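This report describes one protein chain from its overall build down to selected residues. The sequence and the structure are shown first, and the description follows.

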Amino acid sequence: AGGLIGELVNGTVQRSYATGAVNGTDYLGGLVGLIGGGGASTQSVIQSYATGAVTGTALVGGLAGYLMDFGSIDQVYATGAVTGGLNVGGLIGFSSGDLTNAFWDVQRSGTHVGVGQLIGPGSGSGVGVTTAQMMQRSTFSAWNISGTGGSSAAWRIYEGQTAPLLRNFLTSLTVTVDNASRVYDGTHWSGGSGVAYSGFRMGEDVNDLLGSFSYGGTAQGARNVGTYSMVGTGQYSGQQGYDIEFVASSLTITP
């Protein structure tokens, strides 16, 4: 049993995720229960993750219960609580396949090993990180990941706010601050310019975003004559939300 697939015999699971809890006895995974069984054919899970709790007896993993020979996993993570008796891992319960660029949350999983048991020709046991590290782009430096909106990267992360999100489930949203100008009056600029949002899905608005909007850039506190940058900041989104791109504008202070 798996949060997405019970058994992957042949083929590839890519840019997919599962959040539901998985319960059973053996071969249980937050995303896939068993990866393999197709002989020398390809069985791979790429750029995917699972966050649901997994509870079973044996071969229990936050991402997959059993990764067999010829199976491979790359650019994945798991954050769900994992409970079992024999061969239990934050990522994989039992593995004889290849595991690369894989992470699990040691604080949430309840287990401090990535793979319950690793045997045979397989390689890799994953990297255990804290919940805070799971929200840092530097943790996933080897991934195809971006910390800014509007990129073509497979993954999007909101630093300090979310674990990596899959961009194919996000809607592009552009946030642009209006240009502003003022005549020098000796006081410091404290923000206050129009903001345009482009790309909202039907029936949604700015209130559906997480966090709170604020003004960033060099314009904040600017006093002297010159041109300063203004850019939005502070807003982020969950997996079924938005890939937010903040577009910079400028504040001009004239003599």
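A residue is called buried when its relative accessible area is under 20%, exposed when that area is over 50%, and partly exposed in between. By this cut-off Y49 is buried, because its relative accessibility is 3%. The model is a predicted one, and Y49 is taken up again below as a member of two ring pairs.

## Overall build

The secondary structure of the protein chain consists of one helix and 27 strands. Along the principal axes, the C-alpha trace spans about 75 × 35 × 30 Å. Of the 255 residues in the protein chain, 45% are buried. Among contacts with a separation of 6 or more, 67% join residues that are 24 or more positions apart.

The surface exposed by the protein chain amounts to about 10,800 Å², and carbon and sulfur atoms supply 50% of it. The chain carries 8 positive and 14 negative charges, and the mean positions of these two sets are 12 Å apart.

## Parallel strand pairing

Strand 1 (residues 5–8) pairs with strand 6 (residues 32–35) in the parallel sense, over three bridges. Within this pairing, I5 stands opposite V32 of strand 6. Strand 6 also pairs with strand 10 (residues 64–67), again in the parallel sense and over three bridges. There the bridge partner of V32 is A64 in strand 10. V32 thus has I5 opposite in the one pairing and A64 as its partner in the other.

## Aromatic pairs

A pair of aromatic rings is described by the distance of the centres and the angle of the planes. The count of aromatic pairs in this model comes to 17. Two of the pairs share Y49. The rings of Y17 and Y49 count as stacked because their planes stand at 10°, with the centres 5.2 Å apart; the cut-off for stacking is an angle under 30 degrees. This pair links distant parts of the chain, since Y17 lies in strand 3 (residues 17–18) and Y49 in strand 7 (residues 43–50), 32 residues apart.

Y49 also forms a stacked pair with Y77, with 4.6 Å from centre to centre and 5° between the planes. Here too distant parts of the chain are linked: Y49 belongs to strand 7 and Y77 to strand 11 (residues 71–78), 28 residues apart.

The three tyrosines can be set beside one another by accessibility.

| Residue | Relative accessibility | Class |
|---|---|---|
| Y17 | 19% | buried |
| Y49 | 3% | buried |
| Y77 | 2% | buried |

Y17, Y49 and Y77 belong to one aromatic cluster, which also includes F103, F140, W143, W155 and F169.

## The sheet of strands 18, 19 and 20

Three strands form an open sheet in the order 18-19-20, with mixed pairing. Strand 18 (145–146) and strand 20 (165–166) are the edge strands, each pairing on one side only. Strand 19 (residues 155–156) pairs with strand 20 in the antiparallel sense over two bridges, and R156 stands opposite L165 in strand 20.

The loop between strand 19 and strand 20 holds I157 as well as T162. Is I157 buried or exposed? Its relative accessibility is 0%, so I157 counts as buried. T162 is likewise buried, because its relative accessible area is 10%.

Neighbours within four places in sequence aside, T162 is in contact with M134, M135, I157, Y236 and S237. With the corresponding exclusion, I157 touches M134, M135, Q136, R137, F140, I145, S146, G147, T162, A163 and P164. F140, one of these contacts of I157, is also a member of the aromatic cluster. By contrast, V82 lies 75 residues from I157 along the chain, and the C-alpha atoms of the two are separated by 24 Å.

## Backbone with positive phi

Two residues other than glycine have a positive phi: the value is near 55° for Y27 and near 50° for N101. Y27 is found in strand 5 (residues 26–29), and N101 in strand 15 (residues 98–105). Y27 counts as partly exposed because its relative accessible area is 36%. N101 is also partly exposed, with a relative accessible area of 30%.

Terms used: Residues are numbered from 1 along each chain as its sequence is written. This is a predicted model: local features need pLDDT of at least 70, side-chain atom pairs count only at pLDDT 80 or more; totals for chains, interfaces and linings use all residues. Side-chain values use heavy atoms; hydrogens and water are left out. Helices (H or I, at least four residues) and strands (E, at least two) are DSSP runs, numbered from the N terminus. Buried means under 20% relative accessible area, exposed over 50%, partly exposed in between (1.4 Å probe, protein chains only). Contact means heavy atoms within 4.5 Å. Accessible areas come from the Shrake-Rupley method with a 1.4 Å probe; for residues, only the protein chains shown count as cover. Lys and Arg count as positive and Asp and Glu as negative; His and the chain ends are not counted. The place of a charge is taken as NZ of Lys, CZ of Arg, CG of Asp or CD of Glu. Two strands pair if DSSP finds at least two bridges between them. Rings of Phe, Tyr and Trp (its six-membered ring) pair if their centres lie within 6.5 Å; planes under 30 degrees apart count as stacked, over 60 as edge-to-face and the rest as tilted.
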